[in-house]
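Here are my notes on the model you passed along, set out as numbered points. I hope they help as you look through it.

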Amino acid sequence: MQPRDATLAYRRHHAGGTLGEMGSIMVDLSGLANIDFSTGAVVERSGCNWDLAVLPTSSMELNANCGVGSFPLDSGSPGAAVLR
């Protein structure tokens, strides 16, 4: 049995190189969820208004066409992302 939702923790990397405060968002895994980290909300996908898409296949897609990238959640954590 697969989980129906998940809590995604994130930190937005602001212009100028500073990491913002840690935030979290509950994501429904039964469908496509496009997340905008500037508002911490699930949004309808349109151009550059989304940063990360969580797909029903339990995979993720970065909006790389709009300059979105991944960074460690904690400065002392190795790797591109921390999943908990």
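1. Let me start with a question: is Asn34 buried or exposed? With a relative accessible area of 5%, Asn34 falls under the 20% cut-off, so Asn34 counts as buried. Please keep in mind that this is a predicted model.

2. A word on confidence, then. The mean pLDDT of the chain is 80, and 80% of the residues reach at least 70. The stretch to treat separately is residues 79-84, where pLDDT stays under 50. For these residues the model has 10 contacts beyond four places in sequence.

3. Now the overall layout. The chain has six strands and zero helices, which gives the pattern β-β-β-β-β-β along the sequence. Of its 84 residues, 25% are buried. The exposed surface comes to about 5,700 Å², with 53% of that supplied by carbon and sulfur atoms. If you take the contacts between residues at least 6 apart in sequence, 22% of them link residues at least 24 apart.

4. The hairpin of β1 and β2 is a good place to begin with the strands. These two strands are antiparallel and share eight bridges. Five residues lie between them, and in that turn Gly16 has a positive phi of about 100 degrees. To find the register on screen, you can use Tyr10, whose bridge partner in β2 is Gly23, and Thr7, which stands opposite Met26.

5. Ser24 also belongs to β2, which covers residues 19-28. Beyond four places in sequence, Ser24 has contacts with Thr7, Leu8, Ala9 and Tyr10. Its C-alpha is 7.4 Å from that of Gly40, although 16 residues separate Ser24 and Gly40 in sequence.

6. Gly40 leads us to a second hairpin, made by β3 and β4. Here four residues lie between the strands, and Gly40 in the turn has a positive phi of about 70 degrees. β3 and β4 pair in the antiparallel sense over three bridges, one of the pairings being Asp36 with Ala41.

7. β3 has another partner in β5, also antiparallel and over three bridges. In this pairing Ala33 is placed opposite Val54.

8. The side chains of β3 deserve a look. Ala33 and Ile35 point one way, while Asn34 and Asp36 point the other way, and all four residues are buried. On the first of these sides, Ile35 has contacts that include Leu8, Ile25, Val27, Leu52 and Val54, leaving aside neighbours within four places in sequence.

9. Which residues make up the largest nonpolar core? There are 10 of them: Leu8, Tyr10, Ile25, Val27, Leu29, Ala33, Ile35, Phe37, Leu52 and Val54. Two or more residues come from each of β1, β2, β3 and β5. As background, nonpolar side chains tend to be buried together in soluble globular proteins.

10. Back to Asn34, which sits in β3, the strand of residues 33-36. What does the side chain of Asn34 join through a polar contact? It is the side chain of Arg45, at 3.2 Å. Arg45 is also one of the residues in contact with Asn34 beyond four places in sequence, among them Val43, Glu44, Trp50 and Leu52.

11. Asp51 is another polar residue to inspect. It is located in the loop between β4 (41-43) and β5 (52-54). Its relative accessible area is 15%, which is under 20%, so Asp51 also counts as buried. The side chain of Asp51 reaches the backbone nitrogen of Phe37 at 2.6 Å.

12. The surroundings of Asp51 come from two stretches of the chain, apart from Val68. Beyond four places in sequence, Asp51 touches Ile35, Asp36, Phe37 and Ser38, and also Glu61, Leu62, Asn63 and Val68. The C-alpha atoms of Asp51 and Ala64 are 8.2 Å apart, with their positions 13 residues apart in sequence.

Note on methods. Residues are numbered from 1 along each chain as its sequence is written. Side-chain values use heavy atoms; hydrogens and water are left out. Buried means under 20% relative accessible area, exposed over 50%, partly exposed in between (1.4 Å probe, protein chains only). Contact means heavy atoms within 4.5 Å. A polar contact is a pair of N or O atoms within 3.5 Å; within protein, one must be able to donate a hydrogen and the other to accept it, and residues adjacent in sequence count only if both atoms are side-chain atoms. Accessible areas come from the Shrake-Rupley method with a 1.4 Å probe; for residues, only the protein chains shown count as cover. pLDDT is the predictor's confidence in each residue, from 0 to 100. A nonpolar core is a set of buried Ala, Val, Leu, Ile, Met, Phe, Trp, Tyr and Cys residues joined through side-chain atoms within 4.5 Å. Two strands pair if DSSP finds at least two bridges between them.
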